[in-house]
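User: I have a model open and would like to go through it piece by piece. Can you help me read it?

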Amino acid sequence: MNGQLLFYLGEKMTKSELIEALAEKYPNLPIKDVELGVKSIIDNMAETLAAGERIEIRGFGSFSLHYRAPRVGRNPKTGESVNLEAKYVPHFKPGKELRERVDFPQS
Amino acid sequence: MALTKAEIAEHLFEKAGINKTDAKDLVESFFEKVRTTLEEGEQVKLSGFGNFELREKQSRPGRNPKTGEDIPISARRVVTFRPGQKLKARVEVGTAQLIEKEK
């Protein structure tokens with residue numbers, strides 16, 4: 001078994017693992033604060049997008065909303081057509097630093 | 001006006017009662033941890049928000065649009081974000097008024 005490969009293929013870090021990792025980094029901060037902090041950061045971001053505003057994190061990326069025009073969709077089970085209203089969907093554009101760090105080293 | 005790290009830290013101080021220095025550190029470390037995790041080839045799943053996923057793209061032929069010269073585009077790994085159901089629903093509800101105004 002190639003552990004490295006398995007790790008690479010499927011591993012996912014969850015919110016609770018992120019909280020644990022940050023708690024280890026800040027032993028002086030009560031874990032409750034770290035937990036509340038991470039949840040507040042995520043909620044603040046969701047709330048901002050829900051209010052129709054952008055998020056810009058330098059070196060990480062920006063979140064914005066993309067408009068989706070109304071369209072007639074179809075229920076795949078019944079084949080019936082359904083009117084779908086116009087809506088906004090969240091979109092993320094990775095920043096330069098994130099793009100470069102995630103990419104393979106370029107020769 | 002867009003939400004920035006400084007504002008997120010301010011929000012942590014006001015709403016979560018975390019002192020300003022810790023709030024600033026925590027916001028910085030939060031984004032840095034997501035970056036490091038992705039850099040190490042691990043995806044990040046934030047329930048209530050969405051997933052940061054990795055995709056590997058094969059090299060493909062490209063072209064310099066100015067000179068018309070053929071330049072291969074090398075294989076690369078990129079990050080994509082898939083908003084979760086909850087975030088999509090929150091955005092749809094929250095922006096319904098904006099949509100109404102555009103009609």
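Analyst: We can take chain A overall, then a helix and a hairpin in chain B, then two single residues.

User: Fine. What do I need to know before we start?

Analyst: This is a predicted model, where local features need pLDDT of at least 70, side-chain atom pairs count only at pLDDT 80 or more, and totals for chains, interfaces and linings use all residues. Residues are numbered from 1 along each chain as its sequence is written, chains are lettered from A and ligands numbered from 1 in the order in which they are written, and side-chain values use heavy atoms, with hydrogens and water left out.

User: ok, how many helices and strands does chain A have?

Analyst: Chain A has four helices and six strands. Helices (H or I, at least four residues) and strands (E, at least two) are DSSP runs, numbered from the N terminus. Their order in chain A is α-β-α-α-β-β-β-β-β-α.

User: And what share of chain A is buried?

Analyst: Of its 107 residues, 38% are buried. Buried means under 20% relative accessible area and exposed over 50%, with partly exposed in between (1.4 Å probe, protein chains only).

User: Where is confidence lowest in chain A?

Analyst: In helix α1 (residues 3-10) of chain A, with a mean of 46, while β2(A) is highest at 98. That is pLDDT, the predictor's confidence in each residue, from 0 to 100. Over the whole of chain A the mean is 89, and 89% of the residues reach 70 or more.

User: What about residues 1-8 of chain A?

Analyst: Their pLDDT stays under 50, and the model gives them eight contacts beyond four places in sequence. A contact means heavy atoms within 4.5 Å. Where pLDDT is low, the predicted coordinates should not be read in detail.

User: Right, chain B. Which residues of α1(B) are buried?

Analyst: B:Ile8, B:Ala9, B:His11, B:Leu12 and B:Ala16. Looking down the axis of α1(B), these buried residues fall within an arc of 155°, so they line one face of the helix. The arc is that of the directions from the helix axis to the C-beta atoms.

User: Why would residues a few places apart share a face?

Analyst: An α-helix has 3.6 residues a turn, so residues three or four places apart point the same way.

User: What covers the buried residues of α1(B), and which residues are on the face turned away?

Analyst: The cover includes α3 (31-50) and β2 (55-57) of chain A, along with α2 (20-39) of chain B. On the face turned away from the buried side are the exposed residues B:Ala6 and B:Glu14. Just after α1(B) comes B:Gly17, with a positive phi of about 65°.

User: New topic. How do β3 and β4 of chain B pair?

Analyst: Strand β3 (residues 60-63) and strand β4 (residues 70-73) of chain B are antiparallel, over four bridges. Two strands pair if DSSP finds at least two bridges between them. B:Arg63 stands opposite B:Asp70 in β4(B). The two strands form a hairpin with six residues between them, and B:Gly68 in the turn has a positive phi of about 80°.

User: Last one. Is A:Ser64 buried or exposed?

Analyst: Buried, because its relative accessibility is 12%. A:Ser64 lies in strand β3 (residues 61-68) of chain A. Leaving out residues up to four places away in sequence, A:Ser64 touches A:Leu49, A:Arg54, A:Val89, A:Pro90 and A:His91.

User: And what does A:Gly59 touch?

Analyst: With the same neighbours left out, up to four places away in sequence, A:Gly59 touches A:Glu97, A:Leu98 and B:Arg35. A:Gly59 is in the loop between β2 and β3 of chain A, and is buried at a relative accessible area of 17%.
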